[in-house]
Amino acid sequence: MILAVCGGKGGVGKSTLAFTLAAALDAVAVDADLAMADLPAGRGPDLHDVLAGRADPVEAVRGGPVRILPCGRTLAGARAADVTKLGEAARAVARVHGDVVVDCPAGMRADVGVPLAAADAALLVASPRPFAVGDAVRTRELARELDAGLAGVALNRAGTDPPSEAFERVLGAPVVPVPDDDRLARSLAEGRPVVRTCDGGASEGATGRSTAVEATADEATLRAIRALAGVVRDADGR
Amino acid sequence: MSSDAGALVDSPPVEPSTDAAAGPTVDAEWTTRVLEGVTFVSLVVENRTPVARTVRVDNELDGPVLPPRTAGVPEAGWDEGGYRGRVEAADTVAVGYACPARADGAPVAVVDEGPAGEDDGPAASPEAVVRKLGRPGPPRDAVPRRAVVRPDGDSGGGGADEGGGDQRAVESQGVRCVEDASGASADATGRPWEPEPDTADCEVDTDDSGAATGGADASPGGDLPRAVRQWLADVEGRVEQGERLTGASVAEAAAVLSETGGLDPAAELPETLAADARALRALARRASVLAARAESASVPVESLRRLA
């Protein structure tokens, strides 16, 4: 399955949740933010090279706590990357590695549209503020137009009384509030997910692909991540 | 084309005609206009039947089809040879393209390919997505670039990693060090990924003035002074650019020009390459002479030590 993690606004936590969900689903995280990459990178070929025809997408996947197809950091690389190849790259990775979580950039340009067109499902990440609804609706419309069903909505950094019902009513998809957890936010920069594979809702660690690499987080955060993973699996019919 | 009267290079501006190749079901009228050696063909295809039909328009001019584009992507229906599209029942469709060739005779052949299916609307292809949403890459002006393309090939043990201080400033994460300002200079050549050498290739090169001022500090991992490596890499980039433009198709040439800053740098390329060739030959002569002298010189260190 290819899951596109998107949302109109920048800074709502798309990359953090994509990284975390990839860990929870034992999926490969693809950093599709071509101009402003977020996911950890390392040495070797990256998505810029893949989209410029210089590298094979499968070979560009890195191992680690979370398998990642990282993105280059240069503007020149972003400019040279052919975004039309992004869908095929994601499919190639999915054929070999199984599930793929694509971390989409902010906005509504083709670097969001192409992953959505290739994706089986989309997960919207939104801020629990009134103005975020409009962005979420627009992104859902784009996903719908491109045949990526909306698996669910993550209301990131939700406060004590998140407007889940309002979002659910407007967007027509399950809404999962994710608490504002510093450790979750830091996990991306540290390259350590707060969960390991949580297969079928089992406790994290049961089928983990790595040991002693996950950061700690609040129990509420872990519950939210498991719920998100469950929502994605439901959308995929598993 | 508001100023077409002044911009016309060649007559005739308008040549309406009826295409004889089309069957009785479909009729086509075309006009051509020549500007700066490029023929602009406009075409109105009429479906005379009561059912929607698929129509093929083949370019008959002696040159490549330059189709209309949105966000750099050809409009739906266009391919290298022409256009295929749907014309609704008793309706018309207007299409147009450019072709860098003389217009002699009919520019197009229009073929009726039969009734169109129920829905041959465009699927959500990546090209359609780009047309609709726009290309996401940063504009060319936003990309720090050198005057010329530099290859990312390995010119002597990590030599290609040097220089490009302006570019390095952008690489805040410092994870890719062979990425250069040209970005795609080598990708179109199909060069496979080559792992970076392990030595000294991830240093943060903050506008090293040594290279700019011709300093000859050999950095670790290279057996040539940095300034020399830098110059050779620059020359190699220009040569590679020239090679890519030699006998290139329109699409390839457009890609190269898009990467390297448009026509102006390319226009200077022949002269620059000729100068490069002269300099390289002079360097080769000088280098071989110097190498021979260096090898034949024998400093009697032991004798000198005894004298000292």
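This passage describes the sheet of chain A, the salt bridges, the cysteines and the internal cavities of a predicted model.

In chain A, seven strands form an open sheet with parallel pairing, and their order across the sheet is S3-S2-S4-S1-S5-S6-S7. The edges of this sheet are taken by strand S3 (68–69) and strand S7 (175–179) of chain A, each of which has a single partner strand, so that one side of each is left without a neighbour in the sheet. At the S3 edge, strand S2 (residues 28–31) of chain A runs parallel to S3(A) and is joined to S3(A) by two bridges. Within this part of the sheet, A:Ala29 is placed opposite A:Ile68 of S3(A).

Cavities were also found in the model. Rolling a probe the size of a water molecule over the atoms shows where empty space is left. The structure holds five cavities of 30 Å³ or more, and the largest cavity encloses about 60 Å³ of space. The lining of the largest cavity is made up of A:Gly7, A:Gly8, A:Lys9, A:Val12, A:Leu124, A:Val125, A:Ala126, A:Ser127, A:Ala132, A:Asp135 and A:Ala136. Two or more residues of this lining are given by each of strand S5 (121–126) and helix H6 (130–145) of chain A. In terms of residue character, the lining of the largest cavity divides into six nonpolar, three polar and two charged residues. A:Lys9 and A:Asp135, which are among the lining residues, are also linked with A:Arg138 in a network of salt bridges.

Side chains of opposite charge can pair when their charged atoms come close. Over all chains, the count of salt bridges comes to 22. One of the salt bridges is formed by the side chains of A:Glu145 and B:Lys132, with an N to O distance of 3.1 Å. This pair crosses between chains, since A:Glu145 belongs to helix H6 of chain A and B:Lys132 to helix H2 (residues 126–133) of chain B. With a relative accessibility of 46%, A:Glu145 counts as partly exposed, whereas B:Lys132, at 52%, counts as exposed.

Two further salt bridges lie within chain B and involve strand S4 (residues 53–59). In one of them, B:Arg53 is paired with B:Asp112, and the closest N and O atoms are 2.6 Å apart. Because B:Arg53 lies in strand S4 and B:Asp112 in strand S9 (residues 108–115) of chain B, this pair ties together parts that are 59 residues apart in sequence. B:Arg53 is buried, with a relative accessible area of 11%, while B:Asp112 counts as partly exposed at 21% relative accessibility. In the other, B:Arg56 forms a salt bridge with B:Asp79, for which the closest N and O atoms are 2.7 Å apart. Here B:Arg56 lies in strand S4 of chain B and B:Asp79 in the loop between strand S6 (73–74) and strand S7 (82–87) of chain B, so the pair ties together parts that are 23 residues apart in sequence. B:Arg56 is buried, with a relative accessible area of 8%, and B:Asp79, at 32% relative accessibility, counts as partly exposed.

As for the cysteines, the count of disulfides comes to zero over all chains. A:Cys71 is buried, with a relative accessible area of 1%, and B:Cys99 is buried as well, with a relative accessible area of 0%.

Notes
Residues are numbered from 1 along each chain as its sequence is written. Chains are lettered from A and ligands numbered from 1 in the order in which they are written. This is a predicted model: local features need pLDDT of at least 70, side-chain atom pairs count only at pLDDT 80 or more; totals for chains, interfaces and linings use all residues. Side-chain values use heavy atoms; hydrogens and water are left out. On a 1 Å grid over the protein atoms alone, a cavity is a set of points where a 1.4 Å probe fits but cannot get out, and a pocket is an open set with protein on both sides within 12 Å along at least five of seven lines; lining residues have an atom within 4 Å of a point. Grid points are joined across faces, edges and corners, and a volume is the space filled by probe spheres set on the points. Helices (H or I, at least four residues) and strands (E, at least two) are DSSP runs, numbered from the N terminus. Ala, Val, Leu, Ile, Met, Phe, Trp, Tyr, Cys and Pro count as nonpolar, Asp, Glu, Lys and Arg as charged, and the others, Gly among them, as polar. A disulfide is a pair of cysteine sulfur atoms within 2.5 Å. Buried means under 20% relative accessible area, exposed over 50%, partly exposed in between (1.4 Å probe, protein chains only). Two strands pair if DSSP finds at least two bridges between them. A salt bridge is a side-chain nitrogen of Lys or Arg within 4 Å of a carboxyl oxygen of Asp or Glu.
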